[in-house]
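Trainee: I should like to work through this structure with you, one question at a time. May we begin?

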Amino acid sequence: MTTAINPTKVPRALTVAGSDCGGGAGIQADLKTFTALATYGMSVLTALTAQNTLGVTDIHAVPEDFVRAQFTAVISDLGVDAMKTGMLFSASLIETVADLVRDAQIPYLVVDPVMVATSGAHLLAPDAVSALVASLLPLATLITPNAPEADVLLQHVPDRSPGLPERIRSIADMKSAAAALHTLGPRYVLIKGGHLALDPVTLDPLHDEDAEATAQDGIVIDVLYDGVTREYTLFKSSRVKTLNTHGTGCTLSAAITALLASGATVPDAVRRGVAYTHQAIVHALPLGQGHGPLNHAFHLRSATAATALLEDYLPGPEGYVDESVANGKVAAVAEEEEKAEGAVEDRVVVLSDYGWRVESRLIPTQRSFVQLLKNACSAEWHAYTKHKFVLGMADSTLPEASFRHYLTQDYIFLTHFARCNALAAYKAQSMADTVFSAEIVCHIARESQLHVDYCAEWGISKAELSATKEARANLAYTRFTLDRGMAGDLLDLRAALAPCLLGYGDIGMDLCTSEATVKDHEKNRYWKWICNYADNDYQQAVRDGEVLLERLAVEYGVWHAPKRIEALVETFRKATLLECGFWEMGWNVEW
Ligand SMILES: Cc1ncc(COP(=O)(O)O)c(N)n1
């Protein structure tokens with residue numbers, strides 16, 4: 001039976017996996033991920049586990065006939081654009097699923113060869129690996145083993161070349177393993193590097209004694225191999241110091257499946273899936289007493305923000321039967337939220353192939369430092385992000401002379417913005433944070449070159465740019481930021497830089513989603529500028545910057561230092577006003 005056609009534009013994603021009643025892994029993680037990535041999620045259960053963050057206490061396999069019934073129900077009526085498999089448990093379940101997939105002709109199949117849970121429980125019978133290799137891998141578009149799973153699968157590669165490692169330890173090993181696993185059938189192989197300890201600079205495998213220390217600031221490399229083009233793509237993420245990684249593999253393969261269902265190519269789905277999973281780990285929840293779950297809804301930011309989202313949908317006063325009861329409830333919720341705010345102590349484990357070490361650190365629960373800054377300066381933020389210069393770009397009424405003046409000054413601004421980030425690299429307390437800022441410097445250098453090209457489109461030559469004198473507003477803003485950085489610490493500097501990073505993100509998004517702007521965008525002279533800041537790359541930079549600010553806020557102890565918060569708010573306010581001054585400068589073409 002082939003899959004039903006899709007009469008809507010909603011991407012349809014199916015997971016065939018085990019249930020984790022604790023909600024962190026398996027079907028539950030997959031469905032949360034599908035929803036977070038705006039796909040319609042469906043599930044076929046292969047096994048029920050009694051499980052929490054500490055481990056699996058029992059497993060109940062679903063009979064093959066019932067797996068068949070679930071799959072047929074989904075395929076015949078709702079249809080599937082992409083599907084993944086997770087915990088399949090036994091050889092007979094694997095063969096059943098492979099039979100069903102073969103008939104259904106689903107466009108994409110992602111196989112996550114789940115073998116052992118983070119907690120150590122066996123989720124696949126050892127004798128079922130041969131069935132997985134023989135029946136399911138040949139049908140897969142992509143397989144997503146971690147290094148230990150890849151090691152097991154490699155034992156099943158016929159004609160193992162002598163170059164294949166016994167145990168994957170380096171990027172070179174990951175590459176040769178990926179190419180070897182491709183011969184088992186899947187076009188793409190993604191080997192996840194979370195279990196490897198690599199030197200963050202040379203990317204060489206670490207010796208046992210160095211692994212523990214460097215794993216703190218380490219990086220994770222995932223290797224994707226395309227068996228048709230024979231190309232490798234390496235995805236780099238910073239390693240997150242946390243114990244809360246339960247469900248990481250499920251989440252990544254589900255995210256890739258959702259993105260494939262949405263029309264992404266495999267490399268793009270992997271790139272975005274890795275980024276989504278990384279953020280879900282960064283915001284992971286310290287729930288339970290073992291490996292806590294990821295936060296699949298990190299983009300809702302906080303319970304307060306999620307509830308605020310619902311404000312638009314609440315009925316008016318006429319919707320309540322008894323207003324006093326309703327008000328009482330609201331007050332109770334507010335009190336609960338207040339109690340929930342603050343910081344909790346999280347046990348942080350630095351994990352590597354070679355061992356682990358526990359540290360403790362404070363993790364804010366409900367609070368967002370970025371939100372605090374924006375709320376405290378809401379009037380200034382409004383003046384900046386809704387400035388007449390911005391509104392003039394939205395409807396293309398901004399005089400070109402103003403924009404040109406702004407562009408020439410922005411070129412100078414970029415130079416100082418790079419210096420600020422170089423200063424941030426110097427102020428950083430860890431190699432990872434130094435590299436983070438240094439990479440921004442390199443990014444600004446490239447942006448500066450693109451700026452020259454963009455200015456040329458506006459008839460501004462490189463010579464003209466070089467001869468431009470710096471306007472007072474520019475001087476004030478950039479030197480203020482540098483001064484904050486030199487006199488203060490990394491957080492002071494990042495708070496001074498935040499209005500630029502976050503504000504342009506807000507403006508790009510606002511203008512790109514405003515109906516009026518979008519409707520006439522072909523006639524809008526500023527559309528390209530707008531798209532540049534609404535683009536995924538810039539928005540990702542905004543998210544990275546926000547995550548950094550939230551972390552620094554905790555690391556520098558601001559939640560216990562009201563005076564420090566006040567000072568940081570003032571820095572943020574001044575920088576926001578100086579951004580307004582920058583627009584004013586453009587608007588008035590003042591020198
Ligand atoms: C039902 C189910 N499926 C998959 C996993 C693996 O997830 P993890 O390795 O994070 O424990 C799990 N623990 N439970």
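Trainee: Which helices are included in what covers the buried residues of helix H13?

Mentor: This is a predicted model. In it, the buried residues of H13, a helix that spans residues 378-385, are Glu 380, Trp 381, Tyr 384 and Thr 385. Their cover includes helix H12 (369-376), helix H14 (388-394), helix H19 (490-513) and helix H23 (562-588).

Trainee: Within what arc do the buried residues of H13 fall, seen down the axis?

Mentor: The buried set consists of Glu 380, Trp 381, Tyr 384 and Thr 385. These residues line one face of the helix, because seen down the axis of H13 they fall within an arc of 120 degrees.

Trainee: Which residues are exposed on the other side of H13?

Mentor: Exposed here requires a relative accessible area over 50%. On the side of H13 opposite the buried residues, those that are exposed are Ala 379 and His 382.

Trainee: How far from a polar backbone atom of Gly 247 is an oxygen atom of the ligand?

Mentor: Gly 247 is among the closest of the 14 residues that surround the ligand, a group that also includes Gln 51 and Leu 123. Polar side-chain atoms also approach ligand oxygen atoms: one of Thr 118 lies at 2.9 Å, and one of His 246 at 3.2 Å. For the polar backbone atom of Gly 247, the distance to a ligand oxygen atom is 2.6 Å.

Trainee: What percentage of the ligand's accessible area does the protein cover?

Mentor: On its own, the ligand has 360 Å² of accessible area. The share of this area covered by the protein is 92%.

Trainee: Which elements give two or more residues to the shell around the ligand?

Mentor: By class, that shell has six nonpolar, eight polar and no charged residues. The elements that give two or more residues to it are strand S1 (12-20) and helix H8 (248-261).

Trainee: Is Phe 89 buried or partly exposed?

Mentor: Phe 89 is in the loop between strand S4 (82-85) and helix H3 (91-104). Its phi is positive, about 70 degrees, although the residue is not a glycine. With a relative accessible area of 23%, Phe 89 does not fall under the 20% cut-off for buried, so it counts as partly exposed.

Trainee: Does Gln 105 count as buried or exposed?

Mentor: Gln 105 lies in the loop between H3 and strand S5 (108-111). Its phi is also positive, near 50 degrees, in a residue other than glycine. Because its relative accessibility is 58%, Gln 105 counts as exposed.

How values were computed:
Residues numbered from 1 in each chain as written. Predicted model: local features only at pLDDT ≥ 70, side-chain atom pairs only at ≥ 80, totals over all residues. Heavy atoms only, no water. Buried < 20%, exposed > 50% of the residue type's maximum accessible area, 1.4 Å probe, protein only. Helix = DSSP H or I, 4+ residues; strand = E, 2+ residues; numbered from the N terminus. Arc of directions from axis to C-beta. Contact = heavy atoms within 4.5 Å. Near = heavy atom within 4 Å. Polar contact = N/O pair within 3.5 Å; in protein donor to acceptor, adjacent residues only side chain to side chain. Areas by Shrake-Rupley, 256 points an atom, 1.4 Å probe, with all protein chains shown as cover. Nonpolar A, V, L, I, M, F, W, Y, C, P; charged D, E, K, R; others polar.
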